[in-house]
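This report covers a helix cap, a run of paired strands and an enclosed space. Look over the sequence and fold before reading on.

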Amino acid sequence: MAANLKRFLQATTELQHPYKRVEIFFKTKRYTTLPLQYYEDDSAETLFYQNLPKENNEHVICNILQGTNIVVLFSIDKLSYLYLSEYFPNARFMASVSPQVECLMTKVRTLHKRLYVNVEATNMEVYCLQEGRLLLLNTYDTQHHTDRVYYILQLWQSLQLSQTADELCLVGEPAIVEELSTYFSDYIKHVNKFQLHEALGKEKAYEVNLPFDLQTLLACE
C-alpha cells in the first residue's frame, strides 16, 4: 500500500504544491468509539484492540469529536502513515465516519430516533441517533439491495425503532439511494432521501453531490 501511495503522490502534480491545510480521510471499517472520559493517549492501542483483532504494521489514530463526548479510534497502515506524515507534515488524519458523527450529533437535532444510512457501492455506514446521543455506529459490506434491506430492517428491529414515529434517512450515491428508498414503504412510515443543507436550514453552501462525509466536514467548519 505504501509503495502505491508513494508512486501516486509523486505522479500527481496537484499534490506536489504546499497547502495551508491538509485533511486526509480514510474509508475504513477498522474503527471503534468510546466515551472521551475513558480515553488516554498512552492507552489508544490497548483500547482499540479490545474491540478489534490485532493486525501487523498498523498505526492507531485518535479523532476527538468536537461538541461530543465521543472518541473515534481507527488504524491505518504504518508505512503509509509515516510516508504521509513526512509528505504532509501538518495533515490531520480522519476516519470518514468522524465528521459524520460529529455533524449529526451537534448540528442535526430531533426528538425522535433517526437511523442514518450512508450508502455507497460496496458498503454502507449506519448511524442511529436520538436527541444528540449516538445509539449505534457500524459499517457493513454490501453490494446488493437485498443485503442492504436485510441489515437495515434487522437494525430497525434490534434497536426497537418505531415503524410510525421514527425515521430512516438515506444518503449516498443518488442512484442507489433512489432505488433503495422504494423497498421500505411497507415497513417504515418515514423514509426520506436526506439532504444535509435542508436539515441545517441553510442554502446550498457546497455541491450536494459531494460524498456525505465531505459535506459533514464542511458543515462542521
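Asp 77 caps the N-terminal end of helix 3, with a side-chain oxygen 3.4 Å from the backbone nitrogen of Leu 79. A polar contact is a pair of N or O atoms within 3.5 Å; within protein, one must be able to donate a hydrogen and the other to accept it, and residues adjacent in sequence count only if both atoms are side-chain atoms. Helices (H or I, at least four residues) and strands (E, at least two) are DSSP runs, numbered from the N terminus.

The model is predicted: local features need pLDDT of at least 70, side-chain atom pairs count only at pLDDT 80 or more, and totals for chains, interfaces and linings use all residues. Residues are numbered from 1 along each chain as its sequence is written, and side-chain values use heavy atoms, leaving out hydrogens and water.

Helix 3 spans residues 78–87, and its buried residues are Ser 80, Tyr 83 and Leu 84. Seen down the helix axis, they fall within an arc of 95°, so they line one face. The arc is taken from the directions from the helix axis to the C-beta atoms. Buried means under 20% relative accessible area, exposed over 50%, partly exposed in between (1.4 Å probe, protein chains only).

**Strands**

In strand 6, 6 of 6 residues are buried. Arg 114, Tyr 116 and Asn 118 are on one side, and Leu 115, Val 117 and Val 119 are on the other. Strands pair if DSSP finds at least two bridges between them.

| Pair | Direction | Bridges | Facing residues |
|---|---|---|---|
| Strand 6 and strand 7 | antiparallel | 6 bridges | Asn 118 and Glu 125 |
| Strand 6 and strand 9 | parallel | 6 bridges | Tyr 116 and Cys 169 |
| Strand 9 and strand 10 | parallel | 4 bridges | Cys 169 and Asn 192 |

A hairpin of 3 residues joins strand 6 to strand 7. Val 119 stands opposite Gly 172 in strand 9. In strand 9, 5 of the 6 residues are buried, so this strand is largely enclosed by the rest of the structure.

**Cavity**

How many cavities of 30 Å³ or more does a search of the whole structure find? It finds 1. On a 1 Å grid over the protein atoms alone, a cavity is a set of points where a 1.4 Å probe fits but cannot get out; lining residues have an atom within 4 Å of a point. The largest cavity has a volume of about 50 Å³. Strand 6 and strand 7 each give two or more residues to its lining. Tyr 116 and Leu 129 are among the lining residues.

Terms used
On a 1 Å grid over the protein atoms alone, a cavity is a set of points where a 1.4 Å probe fits but cannot get out, and a pocket is an open set with protein on both sides within 12 Å along at least five of seven lines; lining residues have an atom within 4 Å of a point. Grid points are joined across faces, edges and corners, and a volume is the space filled by probe spheres set on the points.
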